[in-house]
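Good morning, and thank you for joining. I would like to take you through a few local features of one structure, beginning with a helix and ending with a charged side chain.

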Amino acid sequence: AAKAADGKTDLYATIYFPPGFSRERTYPVIDAFYGGPQMMNAPRSYAEAVRTFNPVSRASLAELGFVVVTIDARGTRGRSKAFADIGYGNFADPQIDDHIAVIRQLAERYGGFDLDRVGVYGHSFGGYTSARAILAHPEFYKVAASSAGPHNYQGFYDGIEGLVGVPDYGDGARVRPTPQSVPKNFAAMDNATLAPNLRGHLLLAYGEMDENALPSVTLQLADALIKVNKAFDLLYLPNRTHDFFRTDRYYMRRLWDHFVEHLAGETPPQNYDLSREAAQR
């Protein structure tokens, strides 16, 4: 357990250490972030650790030499109503603050964490929180891989009012007055507003047929980054639905390569093949 950013709330995390971990050495750190306020994410058992819903790839990234951390911050489920209510509306920012606080405490407790090389990744709500983490806190997060993120909620709010609030167009109005109107309570949650802050290495990935986090929302964030002249990587995956994070070997390899190159400072093997056929050769 570690303390939240408020200095008093107990939070719980799962750590995946690389083989041969030694506190006398330093290792780059990856925050495996989901953050969706509707569920818990840190595994409570071995079975959960190997079958957990989201995000995957934690153990494999540890094998590549990273310390990987998963945290259930304030605003997630499984605790009290007061604990969950912190995430109502803007659920991401309190969680990001908690993640930073917990990672700093874990680094002090275990040693070996290189806090000058911290990365973050996630898919879906995790795609939103991972992009927001590197944009809101570029002093802490240096590399991010964000896949299928709903980067703004004016393009993704139908059916999730119970998590982010009912849209408010001013004076309590809930009906969009013009096609371009953005609800006042959603405007601050739009990752595009943070685009000027980007300093590290950001990978944005999206599936062409994503029926959940629409591709247009990722492209709107890409457009905002281009307008402020920021360098980033954009990965378009044809014929993929929202589920590609758990099913697509190509994206998995690109995720590994992104962190090996930009966070570990190493050169990944070119076009490494993750297929079963390649493993049997």
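**Helix α10 and its surroundings**

Let me begin with helix α10, where Y251, M252, R253, L255, W256, D257, H258, F259 and V260 are buried. Please bear in mind throughout that this is a predicted model.

The geometry of the helix can be checked. Helix α10 covers residues 249-262, which is 14 residues, so at 1.5 Å a residue it should span 20 Å; the C-alpha atoms at its ends are 20 Å apart, in agreement with that expectation. At the N-terminal end of α10 the cap is D248, with a side-chain oxygen 3.2 Å from the backbone nitrogen of Y250.

I turn now to the aromatic rings. How many aromatic pairs does the model contain? The count comes to 15 aromatic pairs. One of them joins Y121 and F259 in an edge-to-face arrangement, at 6.1 Å centre to centre and with 65 degrees between the planes. Because Y121 belongs to strand β5 (residues 113-123) and F259 to helix α10, this pair ties together parts that are 138 residues apart in sequence. Y121 counts as buried, since its relative accessibility is 0%. F259 is likewise buried, with a relative accessible area of 0%.

F244 and Y251 form another aromatic pair, also edge-to-face, with the centres 5.4 Å apart and the planes at 90 degrees. F244 has a relative accessibility of 1% and therefore counts as buried. Y251 counts as buried too, at 1% relative accessibility.

Which residues make up the aromatic cluster that includes these rings? F66, Y121, F244, F245, Y251 and F259 form one aromatic cluster. Both pairs just described thus have their members in that cluster.

Another ring has a charged partner. The charged end of R79 sits over the ring of F83, at 4.2 Å from the ring centre.

**A buried aspartate**

My final topic is D31, which is located in strand β3 (residues 27-32). D31 is buried, yet it has no salt bridge. Where is the nearest side chain of opposite charge to D31? That side chain is R58, and it is 8.6 Å away, whereas a salt bridge requires a side-chain nitrogen of Lys or Arg within 4 Å of a carboxyl oxygen. The side chain of D31 does, however, make a polar contact with the side chain of H99, at 2.9 Å. His is not counted as positive here, so the contact with H99 does not enter as a salt bridge.

Technical notes. Residues numbered from 1 in each chain as written. Predicted model: local features only at pLDDT ≥ 70, side-chain atom pairs only at ≥ 80, totals over all residues. Heavy atoms only, no water. Helix = DSSP H or I, 4+ residues; strand = E, 2+ residues; numbered from the N terminus. Expected span 1.5 Å × (residues − 1). Buried < 20%, exposed > 50% of the residue type's maximum accessible area, 1.4 Å probe, protein only. Polar contact = N/O pair within 3.5 Å; in protein donor to acceptor, adjacent residues only side chain to side chain. Phe/Tyr/Trp six-rings, centres within 6.5 Å; stacked < 30°, edge-to-face > 60°. Lys NZ or Arg CZ within 6 Å of the ring centre and 35° of its normal.
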